[in-house]
Amino acid sequence: MNNNAANMMCLDLFLASQDEQEYAATKKNIIPSEFLQPELISFNLYIDYFSIEINKLNRENDINKIKAFASKFEWIDNIDKIFEDETFETIVLTNEQQEIIWVNDGFKKMTGFNKNFALKKTPSFLQGKNTCPKTRARIRKKIRNNEAFKEVVINYRQDKSPYKCEIKVFPLFNEHTTHYIALEKVV
């Protein structure tokens with residue numbers, strides 16, 4: 001390993017150990033050279049950037065998948081408006097009977113359940129002993145009334161560990177409600 005490579009590795013390890021404020025202060029003192037490209041000063045920062053870009057791409061792919069369903073079922077809902085300013089880990093798409101017809105890859109990460117396991121089940125399979133009956137009743141009522149809503153519910157992962165799940169549900173319709181979309185995240 002030559003000196004430049006060793007210096008780059010040391011700099012990378014040093015920068016990776018700093019918090020954002022320390023890094024911002026240190027970055028001002030780094031002088032780029034032919035061996036030290038400014039955009040690749042720290043591999044750790046590159047990985048962070050890459051991770052953000054992958055998340056954006058996954059989000060875009062998930063939204064495009066929902067748009068394909070929208071076209072197939074002729075929903076008149078503005079899909080872009082539903083996702084505008086929304087953060088989520090999981091998307092759950094159910095039919096009129098609340099049976100799951102599609103989940104995104106985030107479902108497995110959040111719940112531990114495989115996508116195929118969830119299909120044709122209702123999202124209530126994620127609920128358990130500490131799921132509030134009053135919350136469940138509010139959810140059922142809002143679905144029955146075709147209302148968009150937000151609730152926080154105690155769900156359970158495949159390993160039986162509980163988690164607080166924020167769900168935002170939107171009815172999807174053409175001439176009448178045909179499906180529901182839930183944007184979910186752990187809170």
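Reader: How many bridges join β4 to β5?
Author: The model under discussion is predicted, and local features are taken from it at a pLDDT of at least 70, side-chain atom pairs only at 80 or more, whereas totals for chains, interfaces and linings use all residues. Residues are numbered from 1 along each chain as its sequence is written, and side-chain values use heavy atoms, with hydrogens and water left out. A strand is a DSSP run of E with at least two residues, a helix a run of H or I with at least four, numbered from the N terminus, and two strands pair if DSSP finds at least two bridges between them. The antiparallel strands β4 and β5 are joined by bridges numbering nine.

Reader: Which residue stands opposite T177 of β5?
Author: Strands of a sheet pair through backbone hydrogen bonds, either parallel or antiparallel. Here β4 and β5 run antiparallel. The residue that faces T177 of β5 is F173.

Reader: In what order do the five strands form the open sheet?
Author: The pairing within this sheet is antiparallel. The sheet is an open one of five strands, and their order is β2-β1-β5-β4-β3.

Reader: Which are the edge strands?
Author: The order of the open sheet is β2-β1-β5-β4-β3. An edge strand here pairs on one side only, and this holds for β2 (100-103) and β3.

Reader: By how many degrees are neighbouring strands of this sheet turned against each other on average?
Author: Such angles are taken between axes, which are lines fitted to C-alpha atoms (for helices over the stretch in contact), and run from 0 to 180 degrees between N-to-C directions. For this average, however, direction is ignored. The average turn between neighbouring strands of the sheet is 30°.

Reader: What angle does the direction of α7 make with that of β3?
Author: Helix α7 packs on the sheet. There α7 touches β3, β4 and β5, where contact means heavy atoms within 4.5 Å. The directions of α7 and β3 make an angle of about 135°.

Reader: What is the bridge partner of F149 in β4?
Author: Strands β3 and β4 run antiparallel and are joined by eight bridges. In β4, F149 has as its bridge partner V169.

Reader: Which residue takes a positive phi in the hairpin of β3 and β4?
Author: Most residues other than glycine have a negative phi, and most peptide bonds are trans. The hairpin of β3 and β4 has five residues between the strands. A positive phi, near 75°, is taken in this hairpin by K160.

Reader: Is E74 buried or exposed?
Author: E74 is found in the loop between α3 and α4 (79-83). Its phi is near 55°, which is positive although E74 is a residue other than glycine. Buried means under 20% relative accessible area, exposed over 50%, and partly exposed in between (1.4 Å probe, protein chains only). With a relative accessible area of 58%, E74 is therefore exposed.

Reader: What is the relative accessibility of N146?
Author: N146 is found in the loop between α7 and β3. N146 is not a glycine, yet it has a positive phi of about 55°. N146 counts as partly exposed because its relative accessibility is 35%.
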